[in-house]
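Please open the structure in your viewer and keep the sequence panel visible beside it. The tour below goes from the whole chain to single residues, with one selection at a time.

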Amino acid sequence: GCFECCIKCLGGIPYASLIATILLYAGVALFCGCGHEALSGTVNILQTYFEMTRAAGDVIDVFTMIDIFKYVIYGVAAAFFVYGILLMVEGFFTTGAIKDLYGDFKITTCGRCVSAWFIMLTYIFMLAWLGVTAFTSLPVYMYFNLWTICRNATVVDGANLCVDLRQYGIVTIGEEKKVCTTSESFIKMCDSNELNMTFHLFIVALAGAGAAVIAMVHYLMVLSANWAYVKDACRMQKYEDIKSKEEQELHDIHSTRSKERLNAYT
């Protein structure tokens, strides 16, 4: 009995949804954790080596935008933690074990609407994560250029290479915030582990966003299969109802005729 119970429980686990959920949680964790630390490292680099300060008052500068991105990361982590749980629950209720446990699939009536709603929502989230992935690639590109300049400065003696933040839209055109290879700040920045760590953190965050996109695509396939399963279950249930109704009618007709023959004989 215990072995059969374990087999039944293992058969009721939606493995496809479980894999997608693990991939989603891993991607979101990498994106949120590494992205948050990379943004903190960016603030330190801007303040230490580019000598930038926070603007006074309610002026929106790069530091304010970084703070906003951090709060967005908090919201993304919480939202997709709950969304992953909801998708797992939906996966459990569309497995054959749950169907056998609760009878002839009693959530068939609203199951199609729920599955369709999750498909639409997951598709929107997939597009959103594609945008997040494209947006995360921008700081990776910026830090790659900076990292390349640091390497070239050590290889080519006497090269005067500069990094101007105006090229990336971090500061306005009127402000001149640049660091050249001949300056002491640039040498310290290249020699520090902070630049290398922040660059690799952004790379891992980009990989996490890509993993979240793959998880969303996986969820779309799972939800589409679940929707088709619920639709077929609904049709099968209607067919069984019509069949049982016809059999009951035939049985009633047969019983009525048998009674009539018996009455006529008597």
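Begin with the surface of the whole protein chain, which in this predicted model exposes about 16,200 Å², with carbon and sulfur atoms supplying 66% of that area. If you then colour the residues by accessibility, the buried ones make up 34% of the 266 residues in the chain.

Switch next to a cartoon view, where the protein chain shows seven helices and two strands. Following the chain along its sequence, you will meet these elements in the pattern α-α-α-α-α-β-β-α-α. When contacts are drawn for residues with a separation of 6 or more, 79% of them join residues that are 24 or more positions apart.

Now select the stretches 71-93, 114-138 and 201-229, which an unreviewed UniProt entry lists under "transmembrane region". Residues 71-93 are 96% helix and 0% strand, and the C-alpha atoms at the ends of this span lie 34 Å apart. Residues 201-229, in turn, are 100% helix and 0% strand, with 41 Å between the end C-alpha atoms.

Which residues are the closest to the centre of the largest pocket? Before selecting them, display the pocket itself, whose volume is about 890 Å³. Of the 33 residues that line this pocket, Leu 39, Phe 69, Phe 135, Pro 139 and Phe 202 are the closest to its centre. To see where the lining comes from, colour the helices α2 (15-48), α3 (62-92), α5 (108-155) and α7 (193-265), each of which supplies at least two of the lining residues. Helix α5 contributes the largest share, with eleven residues. Colouring the lining of the largest pocket by residue class then separates 29 nonpolar residues from four polar ones, while no charged residue appears there.

For the last stop, select Phe 93, which sits in the loop between α3 and α4 (96-102). Is Phe 93 buried, partly exposed or exposed? Its relative accessibility is 36%, and because buried means under 20% and exposed means over 50%, Phe 93 counts as partly exposed. Finally, add Pro 14 to the selection and draw a line between the two C-alpha atoms: Phe 93 and Pro 14 are 79 residues apart in sequence, and their C-alpha atoms are 9.0 Å apart in space.

Definitions and conventions: Residues numbered from 1 in each chain as written. Predicted model: local features only at pLDDT ≥ 70, side-chain atom pairs only at ≥ 80, totals over all residues. Heavy atoms only, no water. UniProt positions renumbered as here; feature names shortened; annotations may be inferred. Helix = DSSP H or I, 4+ residues; strand = E, 2+ residues; numbered from the N terminus. Buried < 20%, exposed > 50% of the residue type's maximum accessible area, 1.4 Å probe, protein only. Contact = heavy atoms within 4.5 Å. Areas by Shrake-Rupley, 256 points an atom, 1.4 Å probe, with all protein chains shown as cover. 1 Å grid on protein atoms, 1.4 Å probe; cavity = no way out; pocket = protein on both sides within 12 Å on 5 of 7 lines; lining within 4 Å. Points joined across faces, edges and corners; volume = space filled by probe spheres on them. Nonpolar A, V, L, I, M, F, W, Y, C, P; charged D, E, K, R; others polar.
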